[in-house]
Amino acid sequence: MAKVISNSIGAFYQHYPRVATIVTAQAKGKSNAMAVAWHMPISFKPPLYGVAISAKRFTYRLIADSKEFGVNFLPFEAAELVASVGGSKGEEVDKFQQFEIATDKPARTAVPILKAAYAAYECKLVDDREYGDHRLLVGEIVAVHQLEEVFTPEEILDLDKISPTLYLGHEVYVTASKDTLRSLDREVYGKAKGGLSV
Ligand SMILES: Cc1cc2nc3c(=O)[nH]c(=O)nc-3n(C[C@H](O)[C@H](O)[C@H](O)COP(=O)(O)O)c2cc1C
C-alpha cells in the first residue's frame, strides 16, 4: 500500500488510538473533570507528566488557579463517562453530580481521584506554556493511585483484568485485546539484521 501526502496537515491528529484519560481539577471549592487524549509521560526523575489542554476549557482555569491536576485512567466499561465529561462544560454543570462520579480521597493534593480509575496520578503544576491553540501543562507526579491486582509483577497492565479505554477519534472508542500481545525484547530486536518483516 502506498502512502499519499495528506491535503490537510490538520489531519495529523487523527492518527489515533490514544489512551483516553479523565483530567480532574479543583479550585475555590469547585471540582471538574474533562476527557483528555493528548497526554504523555515526560521524565522518570523527577516524574513529570504532560497534558495538552486548551485554555478555553473550564478545567484549565481550575488548574491555572490551584496549580494541581489529576490524570485518571479508566477501564473500557467507563468509556461512556469519558464521553460524558468530554461533552459537557464545567462552567455550566457540576459534572460530579450530573454523572454521579464517585471519588476517592487524594493523598498529596486536593484533586478529585475517580473511584472508577484503575490508576490515577496527582500532579503539581511545574510548567504551563502555550503551543498554538493548546497549552502544555507539565506536572510533577506526587502520588500514584493504582489497583495493584490489575498489574503484573512487571507493572504491565493485565488485560485479563482490565480493558483500557482507547480513543480512535470522531467519538469512537475501542479497547486492547489480549490476543494481540507480543513480547519483543528490544535487546534482541535491536541487534536483528534485516530479519524484521514490516
Ligand atoms: C475522547 C476525548 C478526548 C479529548 N481530549 C482533549 C485533550 O486532549 N485536550 C483538550 O483540551 N480537550 C480534549 N477534549 C475536549 C474536552 O474534554 C471538552 O472540551 C470538555 O467539554 C472540556 O470540559 P471543561 O470545559 O469542563 O473543562 C477531548 C474530548 C474527548 C471526548
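This is a short walk through one predicted model, from its strands to its pocket, salt bridges and backbone exceptions.

I'll start with strand β2, which covers residues 21-27. Seven of its seven residues are buried. If you look at the two faces separately, T21, V23, A25 and A27 sit on one side, with I22, T24 and Q26 on the other, and all of these are buried. So the strand is covered on both faces, because each of those residues falls under the 20% relative accessible area that counts as buried.

Which strands does β2 pair with? One is β3, in the antiparallel sense, over seven bridges. To place that on the screen, find T21, whose bridge partner in β3 is V36. The other one I have to show is β6, again antiparallel, with four bridges to β2. There, I22 has N72 as its bridge partner.

The connection from β2 to β3 is a hairpin with two residues between the strands. K28 is in that turn, and its phi is positive, about 45 degrees. Please keep K28 in mind, since I'll come to other positive phi values later.

Next, a second sheet. Three strands, in the order β1-β11-β12, make up an open sheet with antiparallel pairing. β1 (18-19) and β12 (172-174) are the edge strands, each with a single partner, so one side of each has no neighbour in the sheet. Between β1 and β11, which is residues 166-169, there are two bridges, and the strands run antiparallel. R18 is a handy marker here: its bridge partner in β11 is Y167.

Now the pocket. How much space lies in the largest pocket? About 840 Å³. The lining consists of 32 residues, and those closest to the centre are M34, A35, V36, R57 and G86. By element, β3 (30-36), β5 (48-53), α1 (58-66) and α2 (79-86) each give two or more residues to the lining. Note that V36 has now come up twice: as the bridge partner of T21, and here among the residues closest to the pocket centre.

On to charges. How many salt bridges does the model have? The count is nine, and I'll show three of them.

The first on my list is E68 with K124, where the closest N and O atoms are 3.4 Å apart. This pair links distant parts of the chain, with E68 in β6 (residues 68-73), K124 in β9 (residues 119-131), and 56 residues separating them. The two ends differ in cover: E68 is buried at 11% relative accessible area, while K124 is partly exposed at 34%.

Then there is R129 with D127, at 2.8 Å between the closest N and O atoms. Here R129 is partly exposed, with a relative accessible area of 43%, and D127 is partly exposed as well, at 26%.

The third on the list is K161 with D158, 3.5 Å from N to O. D158 is buried, at 16% relative accessible area.

From charged side chains to nonpolar ones. L184, V188 and Y189 form a nonpolar patch on the surface, and together they have about 280 Å² of accessible area. V188 belongs to helix α4, residues 186-191. At 53% relative accessible area, V188 is exposed.

Last, the backbone. Where is there a cis peptide bond? It joins K45 and P46, with omega about 0 degrees. P46 is in the loop between β4 (39-43) and β5. As I said, β5 is also one of the elements that give two or more residues to the pocket lining.

Back to positive phi. K67 is not a glycine, yet its phi is positive, about 65 degrees. It lies in the loop between α1 and β6, and it counts as partly exposed, with 46% relative accessibility. E155 is also a residue other than glycine, with phi near 65 degrees. E155 is in the loop between β10 (134-146) and β11. Why does E155 count as exposed? Because its relative accessible area is 58%, and exposed means over 50%.

To recap: β2 is covered on both faces, the largest pocket has about 840 Å³ of space, and there are nine salt bridges. That's what I have.

Note on methods
Residues numbered from 1 in each chain as written. Predicted model: local features only at pLDDT ≥ 70, side-chain atom pairs only at ≥ 80, totals over all residues. Heavy atoms only, no water. Salt bridge = Lys/Arg side-chain N within 4 Å of Asp/Glu carboxyl O. Buried < 20%, exposed > 50% of the residue type's maximum accessible area, 1.4 Å probe, protein only. Patch = residues over 30% accessible without salt bridge, like charges linked within 9 Å, V, L, I, M, F, W, Y side chains within 5 Å. Areas by Shrake-Rupley, 256 points an atom, 1.4 Å probe, with all protein chains shown as cover. Pairing = 2+ DSSP bridges. 1 Å grid on protein atoms, 1.4 Å probe; cavity = no way out; pocket = protein on both sides within 12 Å on 5 of 7 lines; lining within 4 Å. Points joined across faces, edges and corners; volume = space filled by probe spheres on them.
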